[in-house]
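Colleague: Could you put the model up, so that we can go through it together?

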Amino acid sequence: MSQPRVGIVMGSDSDWPVMQAAAEALEEFGIGYEADVVSAHRMPDEMLSYGRDAAGRGLSVIIAGAGGAAHLPGMLAAVTPLPVIGVPVPLKYLDGMDSLLSIVQMPAGVPVATVSIGNARNAGLLAARILATGDADLQARMVEFQASLRDAAHAKGAVVRE
Ligand code: RP5
């Protein structure tokens with residue numbers, strides 16, 4: 001895999017079963033990534049260092065997933081100029097609504113692009129779209145991918161008005 005352009009981080013290794021879908025989406029597009037556990041609550045110093053150093057290390061996008069009191073995406077967004085995509089990880093209680101609200105309700109000035117609960121695949125695809133704005137080949141592959149979604153919908157009998 002090439003030099004990491006996307007940093008996938010999560011609050012716990014228990015988040016990986018959800019977060020690995022982001023990695024798989026990036027792999028489909030041949031985008032280099034790194035994946036790390038960087039807990040906002042259990043490793044606050046390491047979390048701040050990760051966010052502060054990410055751009056300088058050559059990352060272009062951060063995907064951050066956490067569950068419960070999910071402060072990781074927002075805290076990273078506070079210390080990096082990079083786009084941060086938040087993934088609300090569903091836990092045993094509250095069905096991920098706690099994670100969603102913790103991530104999505106950011107104060108003005110500090111954006112986190114939040115995907116739906118557990119939808120790490122969309123986080124990977126959104127990171128690919130962000131990178132594709134400066135990469136014509138990658139954008140062409142994204143267009144092909146979108147066409148494949150349309151073809152798959154047709155194959156299932158979807159009606160499309162032309
Ligand atoms: C959060 O606490 C993590 O992102 C994880 O979703 C949750 C539970 O972590 P573990 O107790 O499983 O390590 O910070």
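Modeller: What follows is a short talk about a strand, a ligand shell and a loop.
Modeller: This is a predicted model, in which local features need pLDDT of at least 70, side-chain atom pairs count only at pLDDT 80 or more, and totals for chains, interfaces and linings use all residues. Residues are numbered from 1 along each chain as its sequence is written.

Colleague: Which strands pair with strand 1?
Modeller: Strand 1 pairs in the parallel sense with strand 2 (residues 33–37) over five bridges, and also in the parallel sense with strand 3 (residues 61–67) over five bridges. Strands here are DSSP runs of E of at least two residues, numbered from the N terminus, and helices are runs of H or I of at least four; two strands pair if DSSP finds at least two bridges between them.

Colleague: And what stands opposite methionine 10 in strand 3?
Modeller: Glycine 65 does, and Met10 is also among the residues that surround the ligand, where a residue counts if its C-beta atom, placed from the backbone, lies within 6 Å.

Colleague: Different topic: where is leucine 94 found?
Modeller: Leucine 94 sits in the loop between strand 4 (84–89) and helix 4 (97–104), and has a positive phi of about 70 degrees although it is not a glycine. Most residues other than glycine have a negative phi.

Colleague: Is aspartate 95 buried or exposed?
Modeller: Aspartate 95 is exposed, because 12 other C-beta atoms lie within 10 Å; the cut-offs are 20 or more for buried, 12 or fewer for exposed and partly exposed in between, with C-beta atoms placed from the backbone.
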